[in-house]
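Okay, thanks for coming, everyone. Let me put the structure up, and then I'll walk you through it.

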Amino acid sequence: MGDYMKTQLVSAIQLQEVELQDNQQDSKKNNNAVGAAADKTFTVEEAVETIGFGRFHVLLFVIMGSSNIVEAMEIMLLAVVSPEIRCEWHLDDWQVALVSTMVFLGFMLCGVLGGYIADRYGRWKVVFGGFVWSAYFSLLTSFAPSYSWFIFLRSMVGCGVAGVSQGFVLKTEFIPAKYRASLLPLASIFWMTGSMLIILLGMLVVPSLGWRWMIRISVTPSIILIFLFKYIPESARYNVSAGNVGAAVETLQRIAQMNRASLPPGRLVEPVVRERGNWRILLNSSFRRTSVLLWYSWFVASFAYYGSVLSSSELLEKNLLCMTDADQEHQVKHRHEDGLCYCIPFQFSDYQTLLISSLGEVALVPLNICLLNVVGRRMSLTVVQLLAAIVFMMINICTTMFGFTVLLFLLRSLVSMNFNVVYIYTAEVYPTVARSLGMGFCTSFSRIGGMIAPFIAQVLMSQSVILALTPFAVACVICSLANFLLPIETKGRALLQTS
């Protein structure tokens with residue numbers, strides 16, 4: 001009996017030793033698994049791609065896209081209000097053109113500054129500040145007692161709009177790569193909405209209440225967006241570049257929760273970049289040629305776009321069209337033997353023509369998306385710019401009012417497509433550490449084109465339609481050829497964090 005008990009005791013001790021060894025091995029494996037999970041890392045790019053597209057991006061698209069409504073209304077307001085201020089203050093052609101030029105001067109000066117601040121201190125602050133600034137000075141414009149005050153206040157509005165335009169960078173940094181070519185061109189729907197809203201306000205408000213009340217009512221979307229903007233977070237890409245990894249993770253977790261997705265396993269790790277917003281990055285060996293060519297592309301994009309907008313309003317206001325079916329209202333000329341006729345208000349049919357041409361902003365969006373996905377960004381720019389040059393010259397052809405409306409419709413479609421592509425390419429080609437600054441430099445160069453366009457579309461147009469349209473066509477042709485020199489194609493490429 002004693003031997004039997006001893007045997008059982010020894011067996012029990014051996015079994016416990018075996019179980020203890022197994023438990024130690026399992027614990028070691030679990031610790032190794034935990035350690036391996038802790039050693040896993042991911043980047044913001046990987047997180048954005050893993051989360052994918054969802055409800056957050058719909059909210060982002062609607063709110064940030066609506067910022068384009070504000071920008072479009074502030075810029076398109078110039079075309080609608082020009083006949084009214086010309087009549088009220090008896091302005092010459094160059095004085096009317098100077099209003100647009102001063103707006104773009106404010107945009108140009110604040111574009112680079114806004115880009116620098118956005119790269120150094122965050123995109124959200126700049127975009128929100130731009131909303132408040134532009135809404136405040138736009139409202140003050142409606143109380144301008146003189147022409148001098150009017151152009152000063154409009155230049156301040158241009159400065160605010162420069163900050164609002166940084167919203168494109170903020171939006172781009174949240175969108176997965178495969179969705180950028182489809183979603184970003186659709187933002188032109190919001191731009192078209194803003195253009196049509198200001199034209200409708202001009203049609204309904206100006207004849208009864210005047211241009212000042214039109215401006216006051218047009219500020220409403222900006223005020224609404226100021227309150228909605230709290231739902232948009234700071235860019236996670238900016239936060240990690242600034243070393244604020246905790247805020248970036250919190251933002252990505254919030255997006256993942258809204259999209260009913262999850263972050264990649266592990267922890268977010270990306271190097272802190274000290275030289276954020278450094279202009280030298282734009283001119284280093286990697287980006288020098290790209291930057292120079294993009295500056296010219298942006299110049300042409302703005303020059304052609306605002307040239308088409310201001311030319312159409314000028315041709316309609318001054319009745320400079322070569323029409324085969326002109327009615328009595330469209331036979332009143334701006335220049336005649338007794339001097340200038342300052343008061344030629346837009347007719348109802350003129351507003352209709354502007355409305356229809358504004359629809360061209362989105363008419364070719366499917367073609368735009370197709371070109372971006374099939375032939376890439378560079379070739380899309382070339383095709384669109386060549387077609388725009390052809391349509392610019394066709395506007396000089398004698399035709400009916402319907403024919404002129406169709407040509408304006410096509411021209412607005414093409415110049416809008418050009419702006420879409422150059423926006424997307426710029427946001428994709430530059431790294432996070434200099435993306436806002438790169439966009440700021442580009443938008444500033446574009447405003448040089450915007451500053452020159454009024455003096456051709458509103459001053460030279462009165463002398464000769466063909467001479468005024470030719471510079472726009474030539475600039476588009478030269479730019480289309482220069483696109484072949486761009487060294488980088490960004491189609492399907494991830495956004496760079498550093499250079």
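I'll go through aromatic pairs, an arginine on its own, one helix, the salt bridges and a single isoleucine.

A bit of housekeeping before that. This is a predicted model, so local features need pLDDT of at least 70 and side-chain atom pairs count only at pLDDT 80 or more, while totals for chains, interfaces and linings use all residues. Residues are numbered from 1 along each chain as its sequence is written, and side-chain values use heavy atoms, with hydrogens and water left out.

Right, aromatics. A pair of aromatic rings is described by the distance of the centres and the angle of the planes. Here rings of Phe, Tyr and Trp (its six-membered ring) pair if their centres lie within 6.5 Å; planes under 30 degrees apart are called stacked, over 60 edge-to-face, and the rest tilted. On that count, the structure has 27 aromatic pairs. Take Phe104 and Tyr306: the ring centres are 4.7 Å apart and the planes sit at 50°, so this pair is tilted. Phe104 is in helix α4 (residues 93-121) and Tyr306 in helix α15 (residues 288-317), so the pair ties together parts that are 202 residues apart in sequence. When I say helix, I mean a DSSP run of H or I with at least four residues, numbered from the N terminus. Phe104 and Tyr306 are both buried, and buried means under 20% relative accessible area, with exposed being over 50% and partly exposed in between (1.4 Å probe, protein chains only).

Now look at Trp298 and Tyr423. Their ring centres are 4.7 Å apart with the planes at 75°, so that pair is edge-to-face. Trp298 belongs to helix α15 and Tyr423 to helix α19 (residues 401-429), so this pair ties together parts 125 residues apart in sequence. Trp298 and Tyr423 are buried too. And ring pairs join Phe104, Trp191, Trp298, Tyr305, Tyr306, Phe419 and Tyr423 into a cluster.

Next up, Arg216, which you'll find in helix α11 (residues 211-218). What is the nearest side chain of opposite charge to Arg216? Well, that's Glu88, and Glu88 is 9.7 Å away, so to speak out of reach: Arg216 is buried yet has no salt bridge. For the charges, Lys and Arg count as positive and Asp and Glu as negative, with His and the chain ends not counted. A salt bridge here is a side-chain nitrogen of Lys or Arg within 4 Å of a carboxyl oxygen of Asp or Glu.What Arg216 does have is rings: it lies over the face of Phe143, at 4.4 Å from the ring centre, and its charged end also sits over the ring of Trp213, 4.9 Å from the centre. The rule for that is NZ of Lys or CZ of Arg within 6 Å of the ring centre and within 35 degrees of the ring normal. Leaving aside neighbours within four places in sequence, Arg216 is in contact with Leu139, Ser142 and Phe143, contact meaning heavy atoms within 4.5 Å.

On to helix α17 (residues 365-374). Its buried residues are Val365, Asn368, Ile369, Leu371 and Leu372. They cover an arc of only 165° around the axis, which puts them on the same side of α17; the arc is taken from the directions from the helix axis to the C-beta atoms. Over on the other side, Pro366 and Val374 are exposed. The buried residues of α17 pack against α8 (177-186), α9 (188-204), α16 (348-363), α18 (376-394) and α19. Just after α17, Gly376 takes a positive phi of about 95°.

Now the charges that do pair up. How many salt bridges are there? The count comes to eight. One of the pairs is Arg237 with Glu45, where the closest N and O atoms are 2.8 Å apart. Arg237 lies in helix α13 (residues 236-241) and Glu45 in helix α2 (residues 44-51), so the pair ties together parts 192 residues apart in sequence. Arg237 counts as buried because its relative accessibility is 1%, and Glu45 does at 12%.

Then there's Arg123. It forms a salt bridge with Asp119, closest N and O atoms 2.7 Å apart, and it meets Glu173 in another, also 2.7 Å, N to O. The pair of Arg123 and Glu173 links distant parts of the chain: Arg123 is in helix α5 (residues 123-141) and Glu173 in the loop between α7 (167-172) and α8, 50 residues apart. Arg123 and Glu173 are both buried, and shared partners join Asp119, Arg123 and Glu173 into one network of salt bridges.

Last one: Ile424, in helix α19. Ile424 is buried, with a relative accessible area of 0%. Its C-alpha is 9.3 Å from that of Val169, 255 residues apart along the chain. Outside its neighbours within four places in sequence, Ile424 is in contact with Phe168, Arg180, Leu184, Pro185, Leu372 and Arg377.

That's my tour, thanks.

How values were computed
Helix = DSSP H or I, 4+ residues; strand = E, 2+ residues; numbered from the N terminus.
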